Amino acid sequence: MRLNNRRASLDGSFAWVMTVILAASSLALVASDAAPDRIPSLVAWTPETIAAATAGDPFRGMLLAKRCDHCHGTEGFSAVASTPNLAGMDKLAIWKQLEDFRTRKRQSRAMQPISESLSSRDLADVVAYYAALPVFQDPQDNRVFPQSHTAPNHAAIASRLVTFGDGERGIPPCQACHGPVAYRPGVPSLMTQNADYVLSQLQAFANQTRTNDINEPMRTIAGLLTEDERQALAEYYGSGLGLNPASSTGPK
């Protein structure tokens, strides 16, 4: 009788443990199904990837880019301040963004269907075309770049952040990644970028609605910047000051 009671007790304990395990497993499955995909980008910078991204035909890319002219301009400079300029952009930088749009790691109603319609060769050709475009002013284009400053003290704020960052808050200088004249291979160029677009992307990184930065550098930095600092940086680059070394644009 005592043995039967003990066996019943063990069976009951086993059943209880199994119930807990199964319940926990169910919760884990629900949680995993509901959890967002945290991988920021599917791009891996292998030698093969770099070779594919830089082997495009700019002439063929020019023909493909005709469908892009409406938004990005016939010469890679947009007439809409909130739309990015692509002329002179580094090949790898444009290729990654198109690939992120194609794989939905960067969200855009306009760009996703366009990028999804392009083959791997098409991507490389379009990238080669925009990278080859000159950035100097053309009297016949209708670009909005450069734009003017809205606050007189913003140039000084931006110049300090571009040159030195803010060590107390853990903010590195912008030029460490984007270059001293707002250009560096493999990184989105800011030397001729529209202010409104720069601001919108800083805000998107800050509020986590754009998350395709590998290792989260832009989300971290943009989140540490104040709203006024983001505005100052957008005006700094959008007014063309990024074309000069940051130290030459600060207060004397």
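1. A residue counts as exposed when its relative accessible area is over 50%, as buried when that area is under 20%, and as partly exposed in between. With that cut-off in hand, take N215: its relative accessibility is 71%, so N215 is exposed. You'll find N215 in the loop between α10 and α11. Have a look at its backbone too: N215 has a positive phi of about 70 degrees, although it isn't a glycine. Keep in mind throughout that this is a predicted model.

2. Stay in that loop for a moment. I214 also lies between α10 (195–206) and α11 (217–224). I214 is partly exposed, with a relative accessible area of 33%. Together with W45 and I50, I214 forms a nonpolar patch on the surface, and the three share about 240 Å² of accessible area. Try colouring these three residues in your viewer.

3. Now step along to α11 itself. Which residues of α11 are buried? They are R219, I221 and A222. These buried residues pack against α10 and α12 (227–238).

4. On to the interior. In soluble globular proteins, nonpolar side chains tend to be buried together. Here, the largest nonpolar core has 23 residues, and I94, W95, L98 and Y130 have the most contacts inside it. Helices α5 (91–102) and α7 (120–132) each supply at least two residues of this core. The largest share, six residues, comes from α5. I94 is a handy place to start exploring: leaving aside residues up to four places away in sequence, I94 touches L86, M89, V127, Y130 and A131. There is also a second, separate core of 21 residues, with A158, L161, L202 and F205 among them.

5. Charges next. Side chains of opposite charge can pair when their charged atoms come close. How many salt bridges does a search of the whole structure find? The search finds 10. One of them joins the side chains of R102 and E99, at 2.5 Å from N to O. R102 and E99 are three residues apart in helix α5, so about one helical turn separates them. Their surroundings are worth checking: R102 is partly exposed at 33% relative accessibility, whereas E99 is buried at 12%.

6. Helix α7 has a pair of its own. The side chains of D125 and R121 meet in a salt bridge of 3.5 Å, N to O. Both residues sit in α7, four residues apart, which is about one turn of the helix. Is each partner buried or exposed? D125 is buried, with a relative accessibility of 2%, while R121 is exposed at 51%. The pair also belongs to a network of salt bridges that links R60, R121, D122 and D125.

7. A further salt bridge joins the side chains of R143 and D141, at 2.7 Å from N to O. R143 is buried, with a relative accessible area of 12%, and D141 is buried too, at 15%. So this is a charged pair in which each partner falls under the 20% cut-off.

8. Don't skip D100, which is found in helix α5. D100 is buried, because its relative accessibility is 0%. What does the side chain of D100 make polar contacts with? One contact, of 2.7 Å, joins it to the side chain of S41, and another, of 2.4 Å, joins it to the side chain of K96. Not counting residues up to four places away in sequence, D100 touches S41, L42, V43, K105, R106 and N212.

9. Two backbone details to finish. A cis peptide bond joins F145 and P146, with omega at about -5 degrees. P146 lies in the loop between α7 and α8 (154–163). The other detail is R104, a residue other than glycine whose phi is positive, near 60 degrees. R104 sits in the loop between α5 and α6 (111–116), and R104 is partly exposed, with a relative accessible area of 48%.

Technical notes
Residues are numbered from 1 along each chain as its sequence is written. This is a predicted model: local features need pLDDT of at least 70, side-chain atom pairs count only at pLDDT 80 or more; totals for chains, interfaces and linings use all residues. Side-chain values use heavy atoms; hydrogens and water are left out. Patches are made of residues with over 30% relative accessible area and no salt bridge: like charges are joined within 9 Å, nonpolar side chains (Val, Leu, Ile, Met, Phe, Trp, Tyr) within 5 Å. Accessible areas come from the Shrake-Rupley method with a 1.4 Å probe; for residues, only the protein chains shown count as cover. A salt bridge is a side-chain nitrogen of Lys or Arg within 4 Å of a carboxyl oxygen of Asp or Glu. Buried means under 20% relative accessible area, exposed over 50%, partly exposed in between (1.4 Å probe, protein chains only). Contact means heavy atoms within 4.5 Å. A nonpolar core is a set of buried Ala, Val, Leu, Ile, Met, Phe, Trp, Tyr and Cys residues joined through side-chain atoms within 4.5 Å. A polar contact is a pair of N or O atoms within 3.5 Å; within protein, one must be able to donate a hydrogen and the other to accept it, and residues adjacent in sequence count only if both atoms are side-chain atoms.
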